[in-house]
Amino acid sequence: MEILGLIPDPRSEEEKALDYKHEELFSASPVEWKEKTEFRSFPIRNQDGSSMCVAFATAKCLGVNNKNEKGEYVTLSPRDIYTQRASSGQGMWIQDAGNIVKKAGATLEALMPSENINETQANVSSDRTDESKKLALEYRASSYVFIQNSPTVMDDIAQIIDKGYTVLYTTRFTTAEWTDTPTIKVPTQDAPYFHAVTVTDYFIKNGEKYLVIEDSWGQAYGNNGRRFLSETWVRARTTGIMYFIDWKFEPTVKPRFTFNKVMLYGQKSTDIAKLQDVLKFEGLISTTQESTGYYGEITRKAVLAFQRKYKVADEAELVALNGKRCGLKTLTTLNKYYS
């Protein structure tokens, strides 16, 4: 069985800095951790001899998103995603999968079967048709968002699960460690295998927090295809955490606020939260997200769009600032319409 399906992210640090981060979308909120014996579950997939773990985890996340939005889980094709990857060898990185499904979505498994095939078969795309590509667009995700491996990581993941989503989670291990409840037995640098799975639920046992993950190795592995990752494991062995989200742009009540403070990219403040309220009203950021007050990539892009809409400065100045500053000219415009 091939388990080397996850490859390192080859992007530059400048490119990685443009990723959307969880802290900009949702503020910290209490999570109720309970002991459980039954968990939210979805069909267990089987990548067999292929390196499609990232694509399998992505397809499941999109299928659950459809259930979250439209009430129906759909089984989507990992091969449709995998055969569009940027890498030429085996495996793919999660950001590549994110970009693919933002642009093209993923078609139904029935149209491009992916279960129980080897790596050679996994690279066949000749059955991708105009019909399957058109259908795939129905399952696009508006964007993907990263969760940082911080002291609050378990609560951050649980918060997303509570909103009805699932989470694409990547980790590293040795074969001896990857049991029903994986346990660390060697130093992290000695764990050679990298893998992507889907987080579907969470619980607490004997005072420790756990995530429920669904693997893509079939029901014969793990606990009927599922494993339980402790907080100890997550904090030590996480290599990436990402979820897919669909933006909504719904009408909001016009906000009123007098802006007096210059706001800068990377800052967090009450004024920035009020700015985000304005940007929601303007239809420039999604009403899906909370007004967290964190000035990250989503807010930066929206600020630039606002500045261009109201022509707060000449284009050369706006391009130079790239949405990373709400200075006096922007504050004057904000106050003209929202004070």
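Contact here means heavy atoms within 4.5 Å. The structure analysed is a predicted model.

Helix α13 spans residues 328-338. Which residues of α13 are buried? They are Thr330, Leu331, Thr333, Leu334 and Tyr338. These residues cover an arc of only 160° around the axis, so they sit on the same side of α13. The other side of the helix carries Leu328, Thr332 and Lys336, which are exposed. Several elements cover the buried residues of α13, including the strands β7 (263-264) and β8 (325-326). Helices α10 (270-281) and α11 (297-309) are also among the elements that cover them.

Leu328, on the exposed side of α13, also belongs to a nonpolar patch on the surface. Its partners in the patch are Val262 and Leu264. Together, the three residues have about 240 Å² of accessible area. Leu264 lies in strand β7, and β7 is one of the elements covering the buried residues of α13. Leu264 itself is partly exposed, with a relative accessible area of 31%. Patch members need over 30% relative accessible area, and the 31% of Leu264 is given as its value.

Salt bridges were searched for across the whole structure, and 20 were found. Side chains of opposite charge can pair when their charged atoms come close. Three pairs are described here in turn.

The first pair to be considered is Arg227 with Asp215. Their closest N and O atoms are 3.1 Å apart. The pair links distant parts of the chain, twelve residues apart. Arg227 is in strand β5 (residues 226-230), while Asp215 is in the loop between β4 (208-214) and β5. Are these two residues buried or exposed? Arg227 is buried, and so is Asp215.

Asp130 and Lys133 form another salt bridge, with closest N and O atoms 3.8 Å apart. Both residues lie in helix α7 (residues 130-136). They are three residues apart, about one turn of the helix. Asp130 is exposed, at a relative accessible area of 62%. Lys133 is partly exposed, at 43%.

Lys34 pairs with Glu32, the closest N and O atoms being 4.0 Å apart. The cut-off for a salt bridge is 4 Å. Lys34 is partly exposed, with a relative accessible area of 44%. Glu32 is exposed, with a relative accessible area of 57%. Elsewhere, Asp9, Arg11 and Asp19 are linked in a network of salt bridges.

The search for disulfides covered the whole structure and found zero. Why is Cys53 without such a bond? Its sulfur is 12 Å from the closest cysteine sulfur, in Cys61, which is too far for a bond. The cut-off applied is 2.5 Å between sulfur atoms. Cys61 is likewise in no disulfide, and the nearest cysteine sulfur to it is that of Cys53, 12 Å away. Cys53 is buried, with a relative accessible area of 0%. Cys61 also counts as buried, at 0% relative accessibility.

Backbone geometry was examined at two residues. Asp48 has a positive phi of about 50°, although it is not a glycine. Asp48 is found in the loop between α2 (22-25) and α3. At 33% relative accessibility, Asp48 counts as partly exposed. Asn224 is a residue other than glycine with a positive phi, near 55°. Asn224 lies in the loop between β4 and β5. With 48% relative accessibility, Asn224 counts as partly exposed. The loop between β4 and β5 also holds Asp215, the salt-bridge partner of Arg227.

Helix α3 (residues 53-70) contains Asn68. Asn68 is partly exposed, with a relative accessible area of 30%. What does Asn68 contact, leaving aside its neighbours within four places in sequence? The residues in contact are Lys163, Gly164 and Tyr165. Glu38 is 30 residues from Asn68 along the chain, and their C-alpha atoms are separated by 20 Å.

Conventions: Residues numbered from 1 in each chain as written. Predicted model: local features only at pLDDT ≥ 70, side-chain atom pairs only at ≥ 80, totals over all residues. Heavy atoms only, no water. Buried < 20%, exposed > 50% of the residue type's maximum accessible area, 1.4 Å probe, protein only. Helix = DSSP H or I, 4+ residues; strand = E, 2+ residues; numbered from the N terminus. Arc of directions from axis to C-beta. Salt bridge = Lys/Arg side-chain N within 4 Å of Asp/Glu carboxyl O. Patch = residues over 30% accessible without salt bridge, like charges linked within 9 Å, V, L, I, M, F, W, Y side chains within 5 Å. Areas by Shrake-Rupley, 256 points an atom, 1.4 Å probe, with all protein chains shown as cover.
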